Amino acid sequence: MSQVLLKDAYIITMNDSRQVYEKGDLLIENDRIIEVGHVSIDKIKGDAEIIDCKGKIVMPGLSNTHVHMTQQLGRGLGDDVDLLTWLRERIWPYESSMSEEEQYISALACCIEMIKSGVTSFAESGGFHIDGLGKAVEKIGIRCALARSTMDTGEGLPLNWRESTDYTLNKQIEAYEKWNNKGDDRIKYWFAIRTIFNATDELLIRTKELADKYKTGVHMHIAEIPEEIDYVKERTGGDSTVEHLSKIGFLDKNILGAHTVWLTDKEVDLFRLHNVKSSHNPAAAMKVLGFAKVYEMLKKGIVVSIGTDGAPCNNRMDMMDEMYLTALIHKGRTLNPKAVPAETILQMATINGAKTLLQEDEIGSLQEGKKADLIIINPRGIGSMPLHDPIANIVYSMHSTNVQSTMCNGKWIMKDRKITFISEEDVLNEAEKMADAIRKRAGIILPDRFPTIR
Ligand SMILES: [Zn+2]
């Protein structure tokens with residue numbers, strides 16, 4: 001039995017009453033938290049690892065609810081272009097040219113970047129080589145809702161991505177059986193829909209039925225761009241994406257909609273009615289999509305969490321940056337400096353993330369009995385001092401470099417900035433080599449930005 005005691009920390013619990021301990025202790029045994037606040041000495045075993053957290057902040061690990069692990073090596077391939085160029089000329093050719101080994105390295109690189117910004121759990125939107133992605137998650141120690149990219153229709157898709165409805169659903173059932181509960185239960189397998197552009201109604205309906213049968217979730221890009229809404233209106237004779245999804249019985253509490261930018265007020269109400277979860281991705285929103293009604297959605301009681309999206313559309317897989325951006329853009333958008341305050345941001349990045357991943361009973365807050373998914377933050381630094389208001393400081397001033405250590409499932413997956421279960425340097429070397437090779441193989445040529453002498 002292994003124990004870890006965190007002593008004398010400023011503990012942000014994110015429990016139901018949002019208690020904070022100015023000088024608290026937290027005791028972990030194996031993979032779970034067994035006491036928070038004031039730990040009695042008789043509970044501590046002789047061989048417990050004791051960490052002095054004086055001056056440090058301990059809080060739940062962050063949940064990143066929209067990630068593309070396979071796109072990590074495509075960072076920098078989609079800057080300053082519109083979404084359709086981004087998709088068809090840059091990212092689809094790149095992603096569809098990758099081997100399983102390349103997706104494995106891409107996934108490791110992505111997970112390392114997330115862990116270094118305090119992420120302990122995330123929702124993968126869907127890659128193709130699920131075994132590569134699953135192995136990476138299993139090895140590095142993070143928690144993941146894993147999914148396979150799923151499409152059965154659509155213009156301009158790479159040849160090796162064209163799959164029939166039956167084939168693509170069967171592939172997911174196979175992946176569910178292989179990967180669900182793997183990695184000491186850290187991996188939960190989810191079903192996925194890439195976007196309504198690439199999904200027939202049959203695929204949508206059968207995906208939802210399967211997710212219910214297997215008691216898991218569905219991850220889907222919803223209402224990303226105005227062209228999507230126009231397309232769905234034409235396809236359905238007048239309904240927009242969310243109205244259509246509602247009519248076919250797709251909307252439910254186990255649906256995670258990424259972006260949800262172009263929702264009407266009526267569609268926001270449909271999200272509330274069916275308890276659909278929304279992942280807000282502020283950097284991707286500003287780069288190419290538009291501003292979601294996050295403030296309004298939160299006010300109506302919709303569970304909105306935060307995601308980075310993939311590396312080519314953000315380009316930082318950094319949840320500390322995303323928290324900062326979320327806090328700022330909705331103040332700017334609504335011209336209301338009180339909109340989406342720091343405590344709401346922490347809620348979105350922790351407990352709302354846990355609800356979105358359908359794991360509210362296990363993660364998202366520091367409470368007895370929950371899984372030990374947490375981070376130690378070191379607030380000391382020229383860019384984050386002084387610490388007048390710790391919670392606001394985390395959101396508005398701190399960077400991922402303030403995250404000192406990251407624990408998932410009771411194990412340190414980063415300790416004192418060092419990734420535990422894999423060599424970051426080795427992954428970096430491999431990733432750089434592979435990224436070049438894939439770009440050349442996919443035939444992607446980026447235009448010169450300045451006159452270049454070669
Ligand atoms: Zn996405």
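How many bridges join strand S11 to strand S12? In this predicted model, the number is five. S11 covers residues 218-222, S12 covers residues 255-259, and the two run parallel. One pairing can be named: His 219 has Leu 256 of S12 as its bridge partner.

S11 and S12 belong to an open sheet of five strands. The order is S10-S11-S12-S13-S14, and the pairing is parallel. In general, strands of a sheet pair through backbone hydrogen bonds, either parallel or antiparallel. The edges are held by strand S10 (191-193) and strand S14 (304-306). Each has a single partner strand, so one side of each is left without a neighbour in the sheet. From one strand to the next, the twist averages 25°. Helix H11 packs on this sheet. H11 touches strand S13 (277-280) and S14, and its direction makes about 130° with that of S14.

A second open sheet is formed by four strands. Here the order is S6-S7-S8-S9, and the pairing is again parallel. Strand S6 (62-67) and strand S9 (187-189) stand at the edges. Both have a single partner strand, so one side of each lacks a neighbour in the sheet. Neighbouring strands are turned by 15° against each other on average, direction ignored.

S6 pairs with strand S7 (residues 119-124). Four bridges join these strands, which run parallel. Within this pair, Ser 63 stands opposite Ser 121 in S7. Helix H11 (residues 319-334) packs on this sheet too, touching S6 and S7. The direction of H11 makes about 85° with that of S6.

Is S6, an edge strand, mostly covered or mostly open? S6 is mostly covered: six of its six residues are buried, with buried meaning under 20% relative accessible area.

Another helix lies at the S8 and S9 end of the strand order. Helix H4 (residues 165-179) lies across strand S8 (143-146) and S9. H4 runs at about 155° to S9.

Helix H11 thus appears in both descriptions. In the four-stranded sheet, H11 touches S6 and S7. In the five-stranded sheet, H11 touches S13 and S14.

Terms used:
Residues numbered from 1 in each chain as written. Predicted model: local features only at pLDDT ≥ 70, side-chain atom pairs only at ≥ 80, totals over all residues. Heavy atoms only, no water. Pairing = 2+ DSSP bridges. Axes fitted to C-alpha atoms, helices over the stretch in contact; angles between N-to-C directions. Contact = heavy atoms within 4.5 Å. Buried < 20%, exposed > 50% of the residue type's maximum accessible area, 1.4 Å probe, protein only.
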